[in-house]
Amino acid sequence: MAKLLKRDGVKRISLGFFILSTILIGLCSNSMAASTTYEPALNKGTVVFKVDQYNEGKWEDTVDRELEPDDYFDGDSDEIGARSKITIKNLAEYKWDLYDALIFFFDVESFIDEDALNQTELFYLLSFLSKDYVDALYPEEHKVWEALTVQWDFETEEFDESPDEKNYILPIFQEPKYYRDLLDDYNKWALGLNTTMLLLGIEPFPILDGDDFLWLLITSGIFTIARPFNSYLTTLIDKLGSDDAEVKGNTLILERKGEEEYIVEVTFSDQGMQSSLVIKNDEGRVIYEIVQDNTDTIVLIVSGVIAASIAGIIIVIMRRRKKFKQ
Amino acid sequence: MQLLEKNEKYEQYYLAALPVVTTYIFELKKQWKKFVIFTIMAISFVILLSHLPYALIPDNPLPDTQADYFQSGLNFIILLTIFGACFFFSGIICSEYSEKTGFITFPIINKYKLVVGKYLGALTLMIGVIAAFYIALGVLGIYWYGGPINYRYYYSFGIALLYLIAVSSFVTFFSSFMKSVNMTIVTTIMLLLIANMIIDSLVILLYPEFEPIYSLNHNSQLISYILVEDFPTKLEDRYEDLEFRNFHRRIWLTPTIEGAITIFLLYTVICLIVAAIIFKRRQL
């Protein structure tokens, strides 16, 4: 009898242990899943950027002798004080396939020199770029939060009333690994097409590694990340296999080689957008810097504080008068 | 001697203006609660219609530019002006008759000075309400799009004030012959909101080529349309033709700037002159 009771006790303990471990594993797996769940931090509104520093001589010696900042960042981005503006209109969930990436990230259309080809060659080449062709070969879709924006290029004067680009899209991939998938698909697609390009006598599409892709993302101006930022960036460089990149907090540091070696530091704002971009030489001297310009926000806050103070003073005076009259 | 004459002149002016100023201040004190209610309403509507839909619904896209945002936000200003003018100005003349207060005031104060003081007081408060609406929308414009505020927003404010003066004169005209304040409010709201729209629609249907330049409703469209970057200068750019199963309809987008300002001023002058004539002949 005692043995039976003992057995029962052992069974109960084993059962309890099993249930507890099942719950704990479940909780653990949940918390593990939760830690890799990303969410967008981007809000509607306007962000202004400003070219804060630019050392032309150092740029030519270190980064690129032929290309200037405006070749990477458009507009008057080679002038100190030039400002650009982006207004985020909304945020919605979509799915991106390779075709979307070819157009928005890799900008493959700009690679094709239409003047160097005749009508038939151009038609033939463009058939490889058609949505139907790309979707048939690379049908995989990736979940993305897409922000619809309007954008003003860098300008030294006041912004024009109409934006330079309407319906400018900022994608935030729901998983950083999707960047890797797209990069792999792009490289496969480019390899398949480059033979034709060489036969036609035009420059082939570049084959990119993780570091090149990161640089492409940074200079595209549409590189936006999801929360938690540090985890997102760490996973991203891990998946891309970027040897020359590291993450410190919300900052992505990338080592590049131009004329000489230089360092690119990209800091992300609390919305997941690139809030500052600093290019330094290996001695740590700043060659080029773009920062977020918060003057308007400061003016708005100061105006709000002044208005609130005036309203407060008026209320206090009115109350005192009332008391005095009583 | 000359100094004495000058002082006497100033004293005369002061004495002449004193009843107007006193009535003006009295009107401000009398209507301040209405002012607070309308101001709260104006700011609430700005927040409800121009902020919350964008802040709470992620899919709902912001307009492209600050000017577009202001244009969409200014739709409510017409209603606010009409309701405000009807509530603030309806009692300017007729209340002296319906409440028999004229028996006390008219023998002491010149009745025109009394009405001018009351009109200016109500107008000041309504300008305050409209300004509160514009300030609230302007602050939200900076919040979403950054500064500075588009300069055409100030033009829009100026045209809104002209529209307010025209509508208030229209209401004052009705107040000069109507018997009670409530009747004046109901009649003017009906006329400005419903009758005006019906007449405009009929005219457009019967004579599609004819621009309803007489209409306050049509001219009020300039308040928001002045924010358009390329304001239409040609006649054919100021309307859109719609055709549906052989049914032809013309939609007038905006009047010309000069035309609208002239019509607002005409309404103001004619309504105030007629109101003054009726008021002069009206017996207690």
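**Entry 1: chain A overall**

I began with the contacts of chain A, and among those with a separation of 6 or more, residues 24 or more positions apart account for 68%. I keep in mind throughout that this is a predicted model. For secondary structure I noted ten helices and nine strands in chain A, and I found that buried residues make up 40% of its 326 residues.

**Entry 2: strands β2, β3 and β4 of chain A**

I turned next to strand β3 of chain A, residues 142–155, and asked how many of its 14 residues are buried. The count is eleven, so I recorded the strand as mostly covered, with buried taken as under 20% relative accessible area. Strand β2 of chain A, residues 83–96, runs antiparallel to β3(A), and twelve bridges join the two. On another pairing of β3(A), I found strand β4 of chain A, residues 165–173, which is also antiparallel and is held over seven bridges.

I then followed Gln151(A) through both pairings: Gln151(A) is the bridge partner of Ile86(A), and in β4(A) the bridge partner of Gln151(A) is Glu165(A). While in strand β4 of chain A I also looked at Asn167(A), which is found there, and I noted that its phi is positive, near 55°, although the residue is other than glycine.

**Entry 3: strands β5, β6 and β7 of chain A**

I repeated the exercise for strand β6 of chain A, residues 251–257, and noted that five of its seven residues are buried, which leaves the strand mostly covered. Four bridges join β6(A) to strand β5 of chain A, residues 245–248, in an antiparallel arrangement. Strand β7 of chain A, residues 261–268, is likewise antiparallel to β6(A), with seven bridges between them.

Which residue of β6(A) is the bridge partner of Glu246(A)? I found Ile253(A) in that position, and I noted that Ile253(A) also stands opposite Glu265(A) in β7(A). I checked the turns as well: β5(A) and β6(A) make a hairpin with two residues between the strands, where Gly249(A) takes a positive phi near 65°, whereas the hairpin of β6(A) and β7(A) has three residues between them.

**Entry 4: backbone geometry in the loops of chain A**

I looked up the backbone with one general expectation in mind, that most residues other than glycine have a negative phi and most peptide bonds are trans. Asp107(A) has a positive phi of about 45° although it is not a glycine. I placed Asp107(A) in the loop between α4 (98–104) and α5 (119–128) of chain A, and I recorded it as partly exposed, with a relative accessible area of 39%. A cis peptide bond, with omega about -5°, joins Arg227(A) and Pro228(A), and I located Pro228(A) in the loop between α8 (210–220) and α9 (229–240) of chain A.

**Entry 5: chain B overall**

I moved on to chain B, where I noted twelve helices and two strands, following the pattern α-α-α-α-α-α-α-α-α-α-α-β-β-α along the sequence. Along its principal axes the C-alpha trace of chain B spans about 70 × 45 × 40 Å. Of the 284 residues of chain B, 45% count as buried, and among contacts between residues at least 6 apart in sequence, 77% join residues at least 24 apart.

**Entry 6: packing of α4 and α8 in chain B**

I examined helix α4 of chain B, residues 77–89, against helix α8 of chain B, residues 152–177, and recorded an angle of about 35° with the axes 9 Å apart. The crossing of α4(B) and α8(B) is right-handed. The contact draws on residues of α4(B) including Ile78(B), Ile82(B), Cys86(B) and Phe89(B), and on residues of α8(B) including Leu164(B), Val167(B), Val171(B) and Ser175(B). By class, I noted nine nonpolar and four polar residues in this contact, and no charged residues.

**Entry 7: cysteines of chain B**

I searched for disulfides, and the structure holds zero over all chains. Why is Cys86(B) not bonded to Cys94(B)? The sulfur of Cys94(B) is the closest cysteine sulfur to that of Cys86(B), but at 12 Å it is too far for a bond. I recorded Cys86(B) as buried, with a relative accessible area of 0%. Cys271(B) is in no disulfide either, and its nearest cysteine sulfur, that of Cys86(B), is 12 Å away. I noted that Cys271(B) is buried, with a relative accessible area of 7%.

Key: Residues numbered from 1 in each chain as written. Chains lettered and ligands numbered in written order. Predicted model: local features only at pLDDT ≥ 70, side-chain atom pairs only at ≥ 80, totals over all residues. Heavy atoms only, no water. Axes fitted to C-alpha atoms, helices over the stretch in contact; angles between N-to-C directions. Left-handed = near helix turned anticlockwise from the far one by under 90°. Contact = heavy atoms within 4.5 Å. Nonpolar A, V, L, I, M, F, W, Y, C, P; charged D, E, K, R; others polar. Buried < 20%, exposed > 50% of the residue type's maximum accessible area, 1.4 Å probe, protein only. Pairing = 2+ DSSP bridges. Disulfide = S-S within 2.5 Å.
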